[in-house]
Amino acid sequence: MVTSTAVNMYPLANYTFGTKEPKMEKDTSVADRLARMKVNYMKEGMRTSVEAILLVQEHNHPHILLLQIGNTFCKLPGGRLKPGENEIEGLKRKLSSKLGANSPSFQQNWQIGECVAVWWRPNFETAMYPYCPPHITKPKECKKLFLVHLPEREFFAVPKNLKLLAVPLFELYDNVSRYGPIISTIPQQLSRFQFNMVSS
């Protein structure tokens, strides 16, 4: 795990983007997702998920890489950990599954940095909070957001049914209606870091 207060950001043009087979979502609706979460909770207990904050720069502005499903919904790359799985190893596995090339000869070396935010889902509802309410003894999900330090050059293989967007940080700020409460607070979470804009 890398810890540092400085984050190097390289130009978006340094990165290469290809495609791979579609990765279908397990759920077609939010209600389906919550129902599946309930079933899994009965079997495995609290869901633990990890998501990656991948930063690049364009015109010296920090941009974050988001996966877009359909025309509106955006999410961070990542997902649910297996029971007992290490958070760092699990996030590397999820990143390779979501954005890594399907070639065994090409192994990405994901540099997982600090955990910048922890969100809790108290009940089987969509609402998540950046704290666990004191009356909740059995939260249903804990989601951790990690900063991932990208190398100067990298290849991303994007599933054909998703788009990978580079969204400027200023567009996320306070934009809950478009990006939801978690992604829209990422600019505040990153405010303690020093951004180094590295030109190619």
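In the hairpin formed by strand 3 and strand 4, 2 residues sit between the strands, and His-59 takes a positive phi near 55° there. Helices and strands here are DSSP runs numbered from the N terminus, with at least four residues (H or I) for a helix and at least two (E) for a strand. The model is a predicted one, so local features need pLDDT of at least 70 and side-chain atom pairs count only at pLDDT 80 or more, while totals for chains, interfaces and linings use all residues. Residues are numbered from 1 along each chain as its sequence is written, and side-chain values use heavy atoms, with hydrogens and water left out.

Back at the hairpin, His-59 lies in the loop between strand 3 and strand 4 (61-69), and its phi is positive although His-59 is not a glycine. With a relative accessibility of 72%, His-59 counts as exposed; the cut-offs are under 20% relative accessible area for buried, over 50% for exposed and anything in between for partly exposed, using a 1.4 Å probe and protein chains only. Another residue other than glycine with a positive phi is Asp-174, at a value near 60°. Asp-174 is found in the loop between helix 3 (169-172) and helix 4 (176-184), and Asp-174 counts as exposed because its relative accessibility is 61%.

Strand 3 has several partners, where pairing means that DSSP finds at least two bridges between two strands. With strand 4, strand 3 runs antiparallel, and 4 bridges join the two; Glu-58 stands opposite His-61 of strand 4. With strand 6 (residues 78-80), the pairing is also antiparallel, over 3 bridges, and here Glu-51 faces Gly-78. With strand 8, the sense is parallel and there are 8 bridges. Glu-51 turns up here too, with Leu-145 as its bridge partner in strand 8. Strand 3 is mostly covered, as 10 of its 12 residues are buried. As a general point, side chains in a regular strand alternate between the two faces of the sheet.

What about charged pairs? A salt bridge is counted when a side-chain nitrogen of Lys or Arg is within 4 Å of a carboxyl oxygen of Asp or Glu, and by this rule there are 8 of them. One of them joins Glu-21 to Lys-160, with the closest N and O atoms 3.8 Å apart. Glu-21 belongs to the loop between strand 2 (16-20) and helix 1 (30-44), and Lys-160 to the loop between strand 9 (155-159) and strand 10, so this pair ties together parts that are 139 residues apart in sequence. Both Glu-21 and Lys-160 are exposed.

A second salt bridge brings together the side chains of Glu-141 and Arg-47, at 3.0 Å from N to O. This pair also links distant parts of the chain, with Glu-141 in strand 8 (residues 141-149), Arg-47 in strand 3 (residues 47-58) and their positions 94 residues apart. Here Glu-141 and Arg-47 are buried. Strand 8 contributes to another salt bridge, in which the side chains of Lys-144 and Glu-87 meet at 2.9 Å from N to O. Lys-144 lies in strand 8 and Glu-87 in helix 2 (residues 87-99), so the pair connects parts 57 residues apart in sequence. Lys-144 counts as partly exposed at 21% relative accessibility, and Glu-87 counts as partly exposed at 26%. Salt bridges that share partners also join Arg-47, Arg-121 and Glu-141 into one network.

The cysteines are a simpler story. A disulfide is a covalent bond between the sulfur atoms of two cysteines. With a cut-off of 2.5 Å between cysteine sulfur atoms, a search of the whole structure finds 0 disulfides. For Cys-115, the closest cysteine sulfur is in Cys-142 at 8.1 Å, which is too far for a bond. Cys-115 is partly exposed at 27% relative accessibility, and Cys-74 is buried with a relative accessible area of 7%.

Last comes Pro-168, in strand 10 (residues 162-168). Pro-168 counts as buried, because its relative accessibility is 12%. Leaving aside residues up to four places away in sequence, Pro-168 touches Pro-62 and His-63, a contact being heavy atoms within 4.5 Å. The C-alpha atoms of Pro-168 and Asp-32 are separated by 31 Å, and these residues are 136 residues apart along the chain.
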